[in-house]
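Thank you all for coming; I would like to walk you slowly through one chain and the ligand that sits with it. Please have a look at the picture before I begin.

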Amino acid sequence: MEKLRYDNQVIVVTGAGNGLGRQYAKFFAARGGKVVVNDLGGTFNGKAGSDGAVADAVIKEITDAGGIAVANYNAVQEGEKIIKTAVDNFGRVDVLINNAGILRDVTIRNMKDEDWDVIMDVHVTGAMRTARAAWPYFRKQRYGKVINTSSSSGLFGNFGQSNYAAAKMALVGFTETLAKEGAKYNIHCNALAPAAASRLTQTVWPPEMMEAMKPDSVVPLVGTLVHSSCKETGSIFEAGAGHFSKIRWERSRGFIAKPDDSLTPDVVIRNHDKIVDFSSGASYPTSVADSVSLLEQANAQPAAMT
Ligand code: NAD
């Protein structure tokens with residue numbers, strides 16, 4: 001198979017000064033893409049810092065290797081400035097990889113408003129601001145690719161990360177919606193739950209795991225999803241240590257009762273086994289219409305006596 005290339009593509013990578021973002025930026029530049037390396041150069045918890053040297057170091061690596069890249073030092077919450085850097089320098093934007101992120105791990109018992117707000121701000125508001133700024137360019141050129149970075153913490157929950165998990169799950173709904181809004185303009189949006197050794201995982205994972213989980217092994221999936229040949233949209237993927245998989249919603253066949261006076265908690269209790277049974281007749285909803293059709297079936301039911 002021919003090597004995927006990104007010639008004439010302008011690719012914005014947020015948080016590209018470290019970890020996963022740095023690898024994405026280097027990959028695209030090595031394959032002909034023009035890259036905006038965004039990073040404000042903060043600490044892993046966003047409590048301090050703004051260090052332009054972080055993005056500059058990646059620019060140097062890219063240009064030393066013969067690639068094309070420009071730095072942007074804004075916070076993702078100022079997403080319009082990041083997209084402006086792409087347009088001012090390269091005249092367009094084709095791919096947006098929302099990757100910047102921080103952690104403020106704390107249990108709900110000890111959660112301060114600030115711990116919650118800053119996580120929502122960077123992950124959710126940041127991704128919205130960059131996507132909103134890129135959208136008019138995507139629509140006009142009838143082409144655009146977006147990757148939003150979710151996390152297994154968001155998909156499944158993780159102790160001490162209710163703020164981060166909520167933000168990362170918000171990005172799933174955001175992605176699913178952008179995929180629908182972008183469909184008629186050939187704009188494709190997918191969510192990624194990566195696993196890779198980085199500043200965010202070094203305090204959690206043992207050294208052997210850090211060694212096995214190089215960020216490089218996440219890159220091939222991102223490279224594929226944002227390539228012009230890929231039509232995938234509205235999906236959630238996992239990638240890490242050479243493992244790739246797709247996640248989807250599964251709905252049990254469930255139990256449908258007529259929503260009239262006969263519908264009491266007793267009816268639900270009697271049918272609990274059916275409600276939680278995934279063994280036969282499960283479905284894989286992808287739209288609100290899939291829920292509405294169930295409501296229609298409920299109204300067509302005889303009384304809820306079973
Ligand atoms: P990292 O700390 O190595 O890199 C993140 C970069 O984002 C840093 O360089 C940081 O300066 C930058 N950044 C932070 N806040 C910013 C802001 N407001 N504006 C601009 N830049 C900002 O972390 P990483 O592990 O490479 O994480 C990348 C993304 O992947 C994050 O969204 C993270 O939540 C997500 N993620 C990572 C893992 C993992 O295993 N590493 C797992 C799940 C999700």
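Let me start with the shell around the ligand, which has 14 nonpolar, 17 polar and 2 charged residues, where Ala, Val, Leu, Ile, Met, Phe, Trp, Tyr, Cys and Pro count as nonpolar, Asp, Glu, Lys and Arg as charged, and the others, Gly among them, as polar. Before going further, I should say that this is a predicted model, in which local features need pLDDT of at least 70 and side-chain atom pairs count only at pLDDT 80 or more, while totals for chains, interfaces and linings use all residues. Residues are numbered from 1 along each chain as its sequence is written.

Of the 33 residues around the ligand, those that come nearest are G15, N18, G19, G101 and S198, and a residue is taken as near if its C-beta atom, placed from the backbone, lies within 6 Å of the molecule or strand in question. The elements that give two or more residues to this shell are α1 (19-30), α4 (113-141) and β6 (187-194); helices (H or I, at least four residues) and strands (E, at least two) are DSSP runs, numbered from the N terminus. The largest share, 3 residues, comes from α1.

So what does α1 look like? Its end C-alpha atoms are 17 Å apart, which agrees with the 16 Å that its 12 residues should span at 1.5 Å a residue, the expected span being 1.5 Å times one less than the number of residues. This helix is mostly covered, with 11 of its 12 residues buried, and by buried I mean that 20 or more other C-beta atoms lie within 10 Å of the residue's own, whereas 12 or fewer would make it exposed and anything in between partly exposed, with C-beta atoms placed from the backbone. Among the buried residues of α1 are G19, R22 and K26, and the helix is followed by G32, whose phi is positive, near 95 degrees.

Turning to β6, 8 of the 8 residues of this strand are buried, so it is largely enclosed by the rest of the structure. Both of its faces are covered, with I187, C189, A191 and A193 on one side and H188, N190, L192 and P194 on the other. β6 pairs in the parallel sense with β5 over 6 bridges, and also in the parallel sense with β7 over 4 bridges, where two strands pair if DSSP finds at least two bridges between them. In the first of these pairings T149 stands opposite L192, and in the second P194 stands opposite A239.

Which residues does F237 touch, not counting those up to four places away in sequence? This residue of β7 (residues 236-240) touches N190, L192, L221, F244, S245 and K246, contact meaning C-beta atoms, placed from the backbone, within 7 Å. F237 is buried, with 21 other C-beta atoms within 10 Å.

The helix α6 (residues 162-182) has 21 residues and reaches 30 Å from its first C-alpha to its last, close to the 30 Å expected. Its buried residues, including Y164, L171 and F174, pack against α4, β5 (144-149), α5 (152-156) and β6.

Finally, the chain as a whole comes to 11 helices and 8 strands, and of its 306 residues 41% count as buried.

Notes
Two residues are in contact if their C-beta atoms, placed from the backbone, lie within 7 Å.
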